[in-house]
Amino acid sequence: MKTAENPVVYGIEDILTSLCNSVTRVLNKATQSEIHYSGMVQRITRTCLKPDIGCFVLFDGGFSGLVIINFSAQAAMELYSKYMLHMGMAREDLAGSFTADEVGNVMGELMNQVLGDFTSKVHRELQTHITQSQPKMMALNKQVLLSVDANLDQPEARRVTFYTASNHLFYLEMAIDRTEFIKLYDFAPQEAPDPDALIAQAHELGAQAAPAAPAAPSDTDDLLRSLGM
């Protein structure tokens with residue numbers, strides 16, 4: 001156990017690792033494929049939206065920051081196709097280009113799930129709270145760099161390379177204020193809720209609350225009714 005002279009410190013790289021794990025956890029489950037990220041992280045001076053398709057999310061609260069994810073066209077189409085096929089859509093009904101609105105909507109929803117998973121972990125593990133903006137995917141079919149101003153006082157920016165199952169690339173960029181979380185006392189982080197268990201519990205409670213079906217009338221009931229009782 002760490003002492004007061006040598007406390008447990010949770011820094012920027014730890015926050016970044018937690019975010020990267022949320023990306024792989026959500027996308028692995030959604031696409032039923034293996035997504036992984038590089039063991040090396042780049043220290044960068046600014047974050048930018050780049051071709052082919054990407055989104056940005058601002059978060060605020062316990063700490064402030066900006067997350068940008070830039071997908072290559074191949075990576076976006078791979079993730080979109082695998083997700084929709086896993087959801088039961090026929091292959092012939094899939095969009096044919098990363099510029100289609102449907103692809104942007106699906107990828108935006110996946111990124112919303114990623115950030116939701118991340119903010120939930122921040123609440124459980126760091127015992128603080130952050131809120132996020134709604135991610136919006138933008139298809140950029142030209143070499144245009146868009147800088148997003150997150151109004152950070154002392155920004156620290158990082159970039160991590162991700163690989164899809166077919167080895168297509170996409171990049172996560174994060175910029176947050178210089179921050180450290182120092183553990184004051186030992187505590188057990190809350191366990192992550194199991195979505196399947198919550199759904200099963202809701203169904204069970206709904207079944208218990210449902211009114212019981214009326215019993216079929218018996219011969220005795222018919223006799224009492226005929227006697228006016």
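## A tour of helices 2, 1 and 3

Select helix 2 and colour Ala 73, Ala 75, Ala 76, Met 77, Glu 78, Leu 79, Tyr 80, Ser 81, Tyr 83 and Met 84: these are its buried residues (buried is under 20% relative accessible area, with a 1.4 Å probe and protein chains only; helices are DSSP runs of H or I of at least four residues, strands E runs of at least two, numbered from the N terminus). This is a predicted model, in which local features need pLDDT of at least 70, side-chain atom pairs count only at pLDDT 80 or more, and totals for chains, interfaces and linings use all residues. Residues are numbered from 1 along each chain as its sequence is written, and side-chain values use heavy atoms, with hydrogens and water left out.

Helix 2 (residues 73–86) has 10 of its 14 residues buried. Show its cover next, which includes helix 1, strand 4 (53–61), strand 5 (65–71), helix 3 and strand 10 (169–177); contact means heavy atoms within 4.5 Å. Just after helix 2, pick Gly 88, whose phi is positive, about 105°.

Now select helix 1 (residues 12–31) and helix 3 (residues 101–126). Their axes, lines fitted to C-alpha atoms over the stretch in contact, come within 9 Å and cross at roughly 135°. The contact uses Ile 15, Ser 18, Leu 19, Asn 21, Ser 22, Val 23, Arg 25, Val 26, Leu 27 and Ala 30 of helix 1, and Leu 110, Met 111, Gln 113, Val 114, Asp 117, Phe 118, Lys 121 and Glu 125 of helix 3. By class, there are 10 nonpolar, four polar and four charged residues in this contact.

How values were computed:
Axes fitted to C-alpha atoms, helices over the stretch in contact; angles between N-to-C directions. Nonpolar A, V, L, I, M, F, W, Y, C, P; charged D, E, K, R; others polar. Buried < 20%, exposed > 50% of the residue type's maximum accessible area, 1.4 Å probe, protein only.
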